[in-house]
Amino acid sequence: MSRSHHKRSPRSVVLGATAVAAALAGGLLVTLPGAASAAPSGLADDFNGDGYRDLATGAPGAVANGKAKAGAVVVNYGSASGISAARHTTTSQSSSGVPGTSETSDRFGTELAHGDLNRDGYGDLVVGTPLEDVGSDADGGSVTILWGGSSGLSGGTTIGDPNASGHDLFGRSLAVGDFTGDGKADLAVGSTGKDVWIFKGGFTKAGGAAGKLRFDASIESGAYPKGAVQLAAGDFDDDGTDDVVVGSSAGNFVYRGASTGPTLQTEAGAGYAGAFTVADFDRDGHDDLVVGTDFVDILNTPAKGGYATVFYGGTAGVDTTRSAVFSQDTAGVPGSDESDDWFGGSLAAGDVNGDGYPDLAVGADNESIGSAAGVGNVWVLRGGASGLKGTGAQSFNQGTAGVPGANEPSDVFGGAVHLADHNKDGRADLSVGAGGENSDDGAVWVLRGSTGGITTTGAVSFGAASVGIGRSGDDPMFGDIMSGS
């Protein structure tokens with residue numbers, strides 16, 4: 001659920017400068033969290049099992065083991081005080097136990113997803129590396145599961161491509177859900193082909209998936225951006241089995257999950273989606289689908305700067321007759337609709353004020369502020385008994401009081417957004433990635449949830465260097481993607 005079509009893109013051990021340099025020379029710095037409780041939480045994004053939800057962020061342009069743009073992923077661990085730079089693990093293909101080798105322009109961490117794939121109570125992180133060369137197959141792509149445990153992420157397993165000769169960019173899109181209805185988490189993987197693969201749970205560290213299913217989506221195959229560019233999971237018909245959404249240049253298609261494999265239910269909006277997210281915004285028992293359309297046809301669109309459409313779920317699945325469109329022209333949403341804002345290029349869902357209804361974060365990473373282009377902005381829209389609404393929407397950028405930093409051209413603030421409760425206070429916190437910050441070093445902001453919505457009080461921000469990622473003459477783009485965004 002990323003905007004992959006316009007990518008450019010003791011609690012911790014504090015190491016001194018010498019130790020950092022040594023760690024980088026052999027791969028990337030790893031800072032481990034403290035031991036978790038004996039019984040892991042079972043939360044899909046709690047990688048160390050301590051009961052706090054964690055934040056996984058990609059730095060696909062990071063140098064690893066001296067290789068430019070080899071890529072890395074960073075997990076910042078939640079705690080009673082929320083997210084900080086200090087409590088983290090940074091992983092690359094040069095990290096101990098991780099399959100593969102860090103190579104130039106692999107871009108490990110281009111796509112991320114999470115879930116407890118081996119049912120041990122710890123969340124696991126799935127990493128897509130679609131530009132990895134596999135043998136003689138240039139840009140064949142690879143998928144790696146990084147396993148959670150009491151000390152956080154450690155080791156990994158490769159998910160092999162069942163159709164390497166039939167497509168490229170395997171792992172360019174990922175989604176985790178129970179697509180077969182057996183109570184086990186499955187993994188959906190897309191590529192440049194029509195073929196979408198469901199890898200069945202339960203997974204094991206030694207053997208990978210328990211089996212696999214293929215279905216051919218109603219999409220165009222071929223060179224980028226064709227194929228399954230976006231994937232999402234949600235139970236739209238409330239039958240206990242997750243459905244899978246496939247986004248492509250041909251449109252967005254919802255497939256009903258089943259033990260024998262997904263079957264087409266409906267098309268949810270024509271045109272190219274920049275992002276998906278899923279939540280039950282009106283709490284009627286059916287998940288709802290949000291489609292972000294950031295690149296628009298200005299001759300046939302409800303908003304020239306991009307928009308987000310919510311398609312509500314029902315007994316028959318996604319109901320395309322019950323939908324609502326949100327943009328900067330929507331009443332209550334701050335700002336004004338302008339060409340090339342890319343509103344809807346990133347999406348995330350979570351309950352920011354603790355009222356029981358999920359809210360929606362929307363990023364527009366090309367939003368201009370004043371005379372500065374590509375600064376970026378993020379909005380939070382409220383959920384309620386009638387679904388999403390523009391009334392009471394909040395707006396944030398680096399010029400907002402209390403948000404660290406300053407608005408600068410090409411920061412692309414909001415290129416990734418994420419909503420999760422990292423401090424267990426019952427309210428989701430807003431994380432924002434800006435891969436363009438500081439000449440593509442990249443940075444992450446975390447703003448806390450409160451009874452009044454997102455607040456800038458106590459806001460946290462940290463850049464690539466704070467999590468052990470150096471430039472070495474390259475562009476890490478830390479914050480370009482977040483798992484669950």
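Which residues does His422 touch, not counting residues up to four places away in sequence? I opened the notebook with this question and worked outward from His422.

**Entry 1. His422 and its surroundings**

I note at the outset that the model is a predicted one. I located His422 in the loop between strand 24 and strand 25. Leaving aside residues up to four places away in sequence, I listed its contacts as Tyr52, Arg53, Asp54, Leu55, Gly78, Ser79, Gly82, Ile83, Asp429 and Ser431. I then asked whether His422 is buried or exposed. Its relative accessibility is 0%, and because buried means under 20%, His422 counts as buried. I also looked for a polar partner of the His422 side chain and found the backbone oxygen of Arg53, which lies 2.7 Å from a polar atom of that side chain.

Tyr52, one of the residues that His422 touches, appears in a second record of mine. Lys424 lies over the face of Tyr52, at 4.6 Å from the ring centre. I recorded a further case of this kind elsewhere in the chain: Arg283 lies over the face of Tyr357, at 5.6 Å from the ring centre.

**Entry 2. The sheet with strands 24 to 27**

I next turned to the sheet that holds strand 24 and strand 25. It is an open sheet of four strands in the order 24-25-26-27, and the pairing is antiparallel. Which strands stand at its edges? They are strand 24 (416–420) and strand 27; each has a single partner strand, so one side of each is left without a neighbour in the sheet. On average, and with direction ignored, neighbouring strands here are turned by 20° against each other.

Within this sheet I examined strand 25 (residues 429–434) and strand 26 (residues 443–450), which run antiparallel and are joined by five bridges. Val432 stands opposite Trp445 in strand 26.

**Entry 3. The sheet with strands 1, 2, 3 and 28**

Leu55, another of the contacts of His422, falls within strand 1 (residues 55–59), and I therefore followed that strand into its sheet. The order of this open sheet of four strands is 3-2-1-28, again with antiparallel pairing. Its edge strands are strand 3 (88–91) and strand 28 (481–482), and each of them pairs on one side only. Strand 1 pairs with strand 2 (residues 72–76) in the antiparallel sense over five bridges. I noted Val74 in strand 2 as the bridge partner of Thr57.

**Entry 4. Aromatic pairs**

How many aromatic pairs does a search of the whole structure find? The search returned six, and I wrote up two of them.

I took Phe170 and Phe199 to begin with. Their ring centres are 6.3 Å apart and their planes stand at 75°, so I entered the pair as edge-to-face. Phe170 lies in the loop between strand 7 (156–159) and strand 8 (173–177), while Phe199 lies in strand 10 (residues 195–200), so the pair ties together parts that are 29 residues apart in sequence. I checked burial for each ring. Phe170 has a relative accessible area of 1% and is buried; Phe199 also counts as buried, at 4% relative accessibility.

The other pair is Phe462 with Phe478. I entered it as tilted, with 6.2 Å centre to centre and 35° between the planes. Phe462 belongs to strand 27 (residues 453–463) and Phe478 to the loop between strand 27 and strand 28, so that the pair links distant parts of the chain, 16 residues apart. Both Phe462 and Phe478 are buried.

**Entry 5. Strand 17 and its partners**

Why did I enter strand 17 (residues 288–293) as largely enclosed by the rest of the structure? Six of its six residues are buried, and the strand is therefore largely enclosed. Asp288, Val290 and Gly292 point one way from strand 17, and Leu289, Val291 and Thr293 point the other way; all are buried.

I traced two partners of strand 17. Strand 16 (residues 275–279) pairs with it in the antiparallel sense over five bridges, and Thr277 stands opposite Val290. Strand 18 (residues 307–314) also pairs with strand 17 in the antiparallel sense over five bridges. Val290 stands opposite Val310 in strand 18.

**Entry 6. The chain as a whole**

I closed with overall values. The chain has two helices and 28 strands. Of its 485 residues, 60% are buried. Its C-alpha atoms fill a box of roughly 55 × 50 × 45 Å, taken along the principal axes.

Technical notes
Residues are numbered from 1 along each chain as its sequence is written. This is a predicted model: local features need pLDDT of at least 70, side-chain atom pairs count only at pLDDT 80 or more; totals for chains, interfaces and linings use all residues. Side-chain values use heavy atoms; hydrogens and water are left out. Two strands pair if DSSP finds at least two bridges between them. Rings of Phe, Tyr and Trp (its six-membered ring) pair if their centres lie within 6.5 Å; planes under 30 degrees apart count as stacked, over 60 as edge-to-face and the rest as tilted. Buried means under 20% relative accessible area, exposed over 50%, partly exposed in between (1.4 Å probe, protein chains only). A charge sits over a ring if NZ of Lys or CZ of Arg is within 6 Å of the ring centre and within 35 degrees of the ring normal. Axes are lines fitted to C-alpha atoms, for helices over the stretch in contact, and angles run from 0 to 180 degrees between N-to-C directions. A polar contact is a pair of N or O atoms within 3.5 Å; within protein, one must be able to donate a hydrogen and the other to accept it, and residues adjacent in sequence count only if both atoms are side-chain atoms. Contact means heavy atoms within 4.5 Å.
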